Amino acid sequence: MTEQVPTVETASATDSALSLLEEKFKNAVRRDDREGYDGLIVDPAKLVEVAAAVRDELGYDYLASAQAVDYLGAGDHLEMVYNLYRTTGGPGLALRAQTPRDTATLPSLVSVWPGADFQEREAWDLMGIRFEGHPNLQRILMWEGFHGHPLRKDWKEAYYEQDQKPFDSRWPDGNVWRSEEHNAYGKNVVYPEGFTLDGYEPVAEDAFYDEANLGVDIRPSDLDTDRIVVSLGPQHPSTHGVFRMIVTLNGETIERLQPVMGYLHRNHDKIGERNTFLQNMPFTDRLDYFCSLSNNFGYAVAVEKLMALGKRWEPPTYRAEVIRVLMAELTRILNHLVAIGFMLNDMGAYFTPLMYAIVERELILDFFEAVTGSRMMCNYFRFGGVAMDLPAQMHSTANLLNERVREFDTMQYLRELINERLPRAIDQTDDLLTTNEILTNRSIGVGVLTREQAIAHSAAGPVLRASGVPYDVRRADPYSIYPDLEFDVAVRDHGDIYDRYLVRVDEMRESVRILKQVLRLLGETEGQPFFSGRGGIYSPRVPAGEAYGRVENPKGELGFFVVSDGGQNPWRYHVRAPSFINLTALETMCKGHKVADVVTILGSIDIVLGELDR
Amino acid sequence: MYGSGILRGLGVTLKHFVNTYLDDIRWGFRRHIPDEAFPIRQGLDTRGVFTVEYPDEKLAMWERFRFIPFLVIENHDHPERPGHDWCTSCGICAKVCPPQCIWIVRGNDPETGRPVPEPQAFYIDIDICMNCGLCAEFCPFDAIKMDHDYELASYDRTSAHIFDKQRLSKEFRYWQSIAPTRAEEEAEARGGWEHKDVLKQKAKEAKAKEN
Amino acid sequence: MTNDDFLRELHDPDIPVPEGMTSAIAVTSFGKLLNAIYNWGRRNSIWPMSFGLACCAIEMIATASSRFDQARFGMEVLRASPRQADLMIVSGTVTKKMVVPIVRLYNQMAEPKYVLAMGACAIGGGPFKEGYNVVSGIDKYVPVDVYVPGCPPTPQALLHGFMILQKKIDGQSLGNPNSTPWYGRGPSDPVPVPILGPDIIDPRQAHILRRQAEATQAAPDVAEAGDDAEAQV
């Protein structure tokens, strides 16, 4: 990384925090002196006080990510790591709290950062850490009643083969077999010992409805209304996939909203720990499947941060960074166009805006496909650069009756795309929508999230910036070549749906501005290497340590938390998904609005299920 | 004015509607536009409707397009080693494959029992394959490549979806036909159109002759 | 005469066609004519359920939109309600949590109904197969008619899948109760909805579960050893 924050500076942030906290809490806080690690280890008994002090006195008001690590065989404890940042910008601070594996209890930090809510539930669900004082400590990704906590290192799934890839059975004696042939049920299931169906009562759904006060409850008011509980989703045209909400309505007004997720929980973290570092790259494509290239970016930044700790590491070349930014910004435009289209779809404009967005999307995807090989799952970034340089010609060949050939000059295509086509598309979106009553009537003043709420709930991306917080990782904690580029951070003040829409339009315009500079840089760096060091290494050496790499994804801050034990595979691999954490504030935004507004508010957050559930 | 926004919005839609017909006039109301005009319609200058009439006209795939992998074998009319595998069963693809969908049985000489550089069996489970292209990227012999054939829909997965060596193998000239530029680049890096091992062998012989 | 018999009679050619003439005669019975017209109508008006699971759903939307335009196949009417849909496109990774609603949706669809498994995940679990919350193929729970491999299949690959499905519909005959099981019989049996227990429980496999549980209780050591052996392979 050319523009990575020097480690010295990070250390000093930790140092200054340590000196202040030591004064106040004596021995409850100590420095984490494991090699490759940074941050403070806090005594669980004092965690809440320390966290409050860190927030109020040190100004670390933004909880970016909270995740648990299972150090089985390396201390035999569970560790909860909180990555904290200041909304004014600058490097972050990592707080840690450790707890033995068998008791596994920590105090909840929801009272300090409400944004910890879902993340602590996730840690409980997958790691089995009980958070005392959490308002609603239920499983979040798996269902209530599931056996075990799957991310613990000693938990094995039904198709378990080996701890780490590559599996020995593939080569040299790789006689093909299907995993289901080795499982008694053939269905990827494993039951606790002696489990039988006799007398078994499933509890998966009970928890949602127990507290919802099911039953008719007529309230005295002008208009007699019933309290009803509606389950929206997981199969619902406006939930953007398989998301589910259980809403308690008073008449038509939302009283309570419980998001239910996990319908697309495909075990990204667990599979990621089995994969080698490189093998995770194509899996990150499938997180936020609109923005595979910027997901690649985030993962590359995180692992490169770790690799920079070791010797013999060369940062990506300048051309590689230019290509990366080109891809990331094109992705941002693509994502925002489609996100606006989907939001209007939810508002009742049906498919019209979306169809226009998809036309532009197809043209950008043509470029992605010609450069990376795939429309959506690009798998293009490598540690130290990108997989291939831009081709001189976007060239297709006729074969298999695919006779309709297209041929473009790559740079010419990019120039036209960036200078003409995309600005025109953004103007058209603006024309069609910004003053359109379909949008304005349903969005102004709806789903308001105030500045304080947005920060407290760890909202990120356009949701945060629409609430008046000019926080953009590209500026606040710069990576890649963003410091060299001129652009402004789009920000609006009202925090409602309309402002989120406007922030997206502004961001697209800023992206075009960045892309124009990138075009110039692409011309200047023509012919330079796109990869640093030696290519063709499929098992790069990653030194032991821990890194939290973050990038500004179109949907918000995408963070990759990677722990390496020096081997070929990550020891812990966790994704801070903006869609997931932005939903923490969903209930706050929806309360008091009508049920028809819920889908609009959800549309304005712009979630993607692949990333939400991972 | 109330309603002006909607009118403006409708204006945008009308523009697209008119553009579609202007586009039709431009191509003389032909259902399939001529080949040389195709890039214009499917490129950045497209206006109005730009539908590809799929079964009748198919978008040709970009050279770098990747779908299911295939194995490169020597052309059947190759003078020295017709139909031989380029694969040496070194196992790098199986090791680098993220979802581990490649199974390889290393070839053994039936008499000596020593490994020979050709796989005895090669399987890819396309129900697992994620089309990521890492196998092709890291293959040192250019022996596994990503195919462009996407028309694989079937009625039965148990019999049709584990590709064996025979199903996977395609002639070298097929690779040349779907990705001419890349085939050339690779040949340049390899030092000739032949298999790496053959080139090495030739270099050795040439050296021996010199001596 | 029952419904079944009636259909069979409609379909059976009663006029023997002389050899050498077969190519000249297209319709030998009213049933065959009816078949052709009926299938032509059905295959050109398949209404898919608008039901997206994961990444593949985006390609499905791309297929439905202007460039690939599945309306050309009479499939543009994406219905959100299973009651109005003919085709369920399982577009994406099926998780154990999600398979419960999917089976329920499938049961709610009116016959004739078809299932198209789109992408590696829906076919066999795909790259996420080893995951603890991933179903290794939707065909373990509901019958699948067409499999479209790819990760994700491009819109053209999906359109090819649609054409394969149309071919299948074309091949179905009113006179053959095996290919059109929805006529001449009572209501079909719904697929039993899986239960979310300690892991997903398929009621159809309850007997295996009981047997395994008994085996574990009877000889825990042996069963454990068996488990280990299983983990090793």
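Here are some worked exercises on the predicted model shown above.

This is a predicted model, in which local features need pLDDT of at least 70, side-chain atom pairs count only at pLDDT 80 or more, and totals for chains, interfaces and linings use all residues. Residues are numbered from 1 along each chain as its sequence is written, chains are lettered from A and ligands numbered from 1 in the order in which they are written, and side-chain values use heavy atoms, with hydrogens and water left out.

**Exercise 1. Work out whether strand E15 of chain A is enclosed or open, and find its pairing partner.**

Step 1. Locate E15(A) at residues 545-553; strands here are DSSP runs (E, at least two residues), helices are runs of H or I with at least four, and both are numbered from the N terminus.

Step 2. Check burial, where buried means under 20% relative accessible area, exposed over 50%, and partly exposed in between (1.4 Å probe, protein chains only). Nine of the nine residues are buried, so the strand is largely enclosed by the rest of the structure.

Step 3. Look at each face. In a regular strand the side chains alternate between the two faces of the sheet. Here one side includes Ala547(A) and Val551(A), the other includes Tyr548(A) and Arg550(A), and both faces are covered.

Step 4. Find the partner. Strands pair if DSSP finds at least two bridges between them; E15(A) and E16(A) (residues 556-564) have nine, in the antiparallel sense. Gly545(A) stands opposite Ser564(A), and a hairpin of two residues joins the strands.

**Exercise 2. Trace two salt bridges that cross between chains C and A.**

Step 1. Apply the rule: a side-chain nitrogen of Lys or Arg within 4 Å of a carboxyl oxygen of Asp or Glu. The count is 70 over all chains.

Step 2. Take Asp202(C) and Lys187(A), which meet at 2.3 Å, N to O. Asp202(C) sits in the loop between strand E5 and helix H7 of chain C, and Lys187(A) in the loop between strand E7 and helix H4 of chain A. Both residues are buried.

Step 3. Now try Arg67(C) and Asp366(A), at 2.9 Å, N to O. This pair runs from a loop of chain C to helix H9 (residues 352-372) of chain A, and again both residues are buried.

**Exercise 3. Compare the exposure of the partners in the salt bridge of Arg513(A) and Glu510(A).**

Step 1. Place them: both lie in helix H15 (residues 497-524) of chain A, three residues apart, about one turn of the helix. Their N to O distance is 3.1 Å.

Step 2. Read the accessibilities. Arg513(A) is partly exposed at 31%, whereas Glu510(A) is buried at 15%.
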